[in-house]
Amino acid sequence: MTEILPESTRRFTRAAIAEPDDVLREMEERGEEFPTVGREVGQFLRLLARMVDARRVFEFGSGFGYSAYWFAGALPEDGQVVLTEHDPDELDEAREYLDRGGFADRAAFEEGDALDTVQGYDGPFDVVLIDHQKRRYPEALAAVRGKVAPGGVVVADNAMVSGAQDFDGILDALEGDAPDLDEESRGIAEYLTTVRDDPEFETSVVPLGEGIAVSYRR
């Protein structure tokens with residue numbers, strides 16, 4: 001897999017972050033078995049939520065609640081982060097972790113397909129995180145696009161690498177070529193070109209974790 005940052009740079013970005021609380025550290029140990037966005041991206045997500053004064057967050061794919069925990073720490077007491085997850089056991093874990101952190105009252109736990117779930121929620125959302133099946137990223141953007149608040153952000157994880165994702169092929173697609181991509185890589189490439197070319201959004205890719213695409217709603 002392509003490494004985004006040299007090891008010394010990755011260490012630097014982590015060393016500049018304050019130590020997380022005990023619950024997050026436990027979640028990071030759990031993350032050795034189940035992939036998460038990682039501490040550097042988690043802190044960046046919390047910072048983004050603070051910068052846009054987020055009150056409502058929607059996640060496409062939440063796992064056991066790692067990214068949602070970071071978001072919840074930036075929300076006001078009457079704020080809300082909507083978690084979506086297929087696996088009921090992981091959703092139960094998320095509920096337990098957020099409860100222990102004192103954030104359960106800021107969370108809605110939705111079992112099932114995130115693309116179905118989002119249809120039942122009215123906007124606006126101040127932050128949206130897309131972190132589920134890569135082939136479905138374009139569908140997620142289409143489903144939530146009209147529910148993103150002006151001045152809000154959409155963040156897509158795994159924008160650069162993820163498992164066997166074709167880094168070079170995605171780059172070729174972004175530069176205007178038409179590579180033969182696998183389904184997951186094609187989903188990422190289509191998402192990135194779509195949001196890049198959408199006049200309602202302004203996008204940058206940040207090389208933290210496995211790469212995050214951050215799109216500001218004008």
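**Entry 1: strands 1 and 2**

I began with strand 1 and strand 2, which run parallel and are joined by three bridges. I keep in mind throughout that this is a predicted model. When I looked for a facing pair here, I found that Phe58 stands opposite Val82 in strand 2. I then asked how many residues of strand 2 are buried. The count is five of six, and I noted strand 2 as mostly covered.

**Entry 2: the sheet as a whole**

Next I traced the sheet to which I wanted to relate these strands, and I found an open sheet of seven strands in the order 3-2-1-4-5-7-6, with mixed pairing. Its edges are strand 3, residues 107–111, and strand 6, residues 201–206, each of which pairs on one side only. I also looked up the twist: ignoring direction, neighbouring strands of this sheet are turned by 15 degrees against each other on average.

Further along the order I looked at strand 4 (residues 125–130) and strand 5 (residues 148–156), which run parallel and are joined by five bridges. As one pairing between them I wrote down Val127, whose bridge partner in strand 5 is Val153.

Then I asked which strands helix 3 touches where it packs on the sheet. I found contacts with strand 4, strand 5, strand 6 and strand 7 (212–217), and the direction of helix 3 makes about 5 degrees with that of strand 7. Helix 5, residues 88–100, also packs on the sheet, but it touches strand 2 and strand 3, and its direction makes about 170 degrees with that of strand 3.

**Entry 3: helix 7 and its surroundings**

I turned to helix 7 and asked why it can be called largely enclosed by the rest of the structure. The reason I noted is that six of its eight residues are buried, and a residue counts as buried when its relative accessible area is under 20%. The buried ones are Tyr137, Pro138, Ala140, Leu141, Ala143 and Val144, and they pack against strand 1, helix 6, strand 4, strand 5 and helix 9.

I followed the last of these neighbours in more detail: the axes of helix 7 (residues 137–144) and helix 9 (residues 183–197) come within 7 Å and cross at roughly 35 degrees. Helix 7 contributes Tyr137, Pro138 and Leu141 to the contact, while helix 9 contributes Gly187, Ile188, Glu190, Tyr191, Thr194 and Val195. Sorting the residues of this contact by kind, I got six nonpolar, two polar and one charged.

**Entry 4: the loop before strand 4**

In the loop between helix 6 (114–117) and strand 4 I looked up Tyr121 and asked whether it is buried or exposed. Tyr121 counts as buried, because its relative accessibility is 13%, and the limit for that word is under 20%. Leaving out residues up to four places away in sequence, I listed its contacts as Arg56, Phe58, Gln80, Val82, Ala108, Glu110 and Lys147. Two of these, Phe58 and Val82, are the residues I had already noted as standing opposite each other. For Lys147 I also looked up the separation from Tyr121, which is 26 residues in sequence and 8.8 Å in space, C-alpha to C-alpha.

Pro124 has its place in this loop between helix 6 and strand 4 as well. A cis peptide bond joins Gly123 and Pro124, with omega at about 0 degrees.

**Entry 5: two residues with positive phi**

I looked up Asp53, which is not a glycine and yet has a positive phi of about 50 degrees. Asp53 lies in the loop between helix 3 and strand 1 (56–60), and it is exposed, with a relative accessible area of 63%. Asn158 is likewise no glycine and has a positive phi, of about 60 degrees. Asn158 sits in the loop between strand 5 and helix 8 (167–174), but it is buried, with a relative accessible area of 4%.

**Entry 6: the largest pocket**

Last I looked up the largest pocket, which has a volume of about 1100 Å³. Its lining has 46 residues, and those nearest the centre are Pro35, Thr36, Val37, Asp157 and Glu210. By kind, I counted 12 nonpolar, 18 polar and 16 charged residues in the lining. Which helix gives the largest share? Helix 1 does, with four residues. I noted that helix 1 (7–15), helix 3 (39–51), helix 4 (66–72) and strand 2 (80–85) each supply at least two residues of this lining.

Terms used
Residues numbered from 1 in each chain as written. Predicted model: local features only at pLDDT ≥ 70, side-chain atom pairs only at ≥ 80, totals over all residues. Heavy atoms only, no water. 1 Å grid on protein atoms, 1.4 Å probe; cavity = no way out; pocket = protein on both sides within 12 Å on 5 of 7 lines; lining within 4 Å. Points joined across faces, edges and corners; volume = space filled by probe spheres on them. Nonpolar A, V, L, I, M, F, W, Y, C, P; charged D, E, K, R; others polar. Axes fitted to C-alpha atoms, helices over the stretch in contact; angles between N-to-C directions. Contact = heavy atoms within 4.5 Å. Pairing = 2+ DSSP bridges. Buried < 20%, exposed > 50% of the residue type's maximum accessible area, 1.4 Å probe, protein only.
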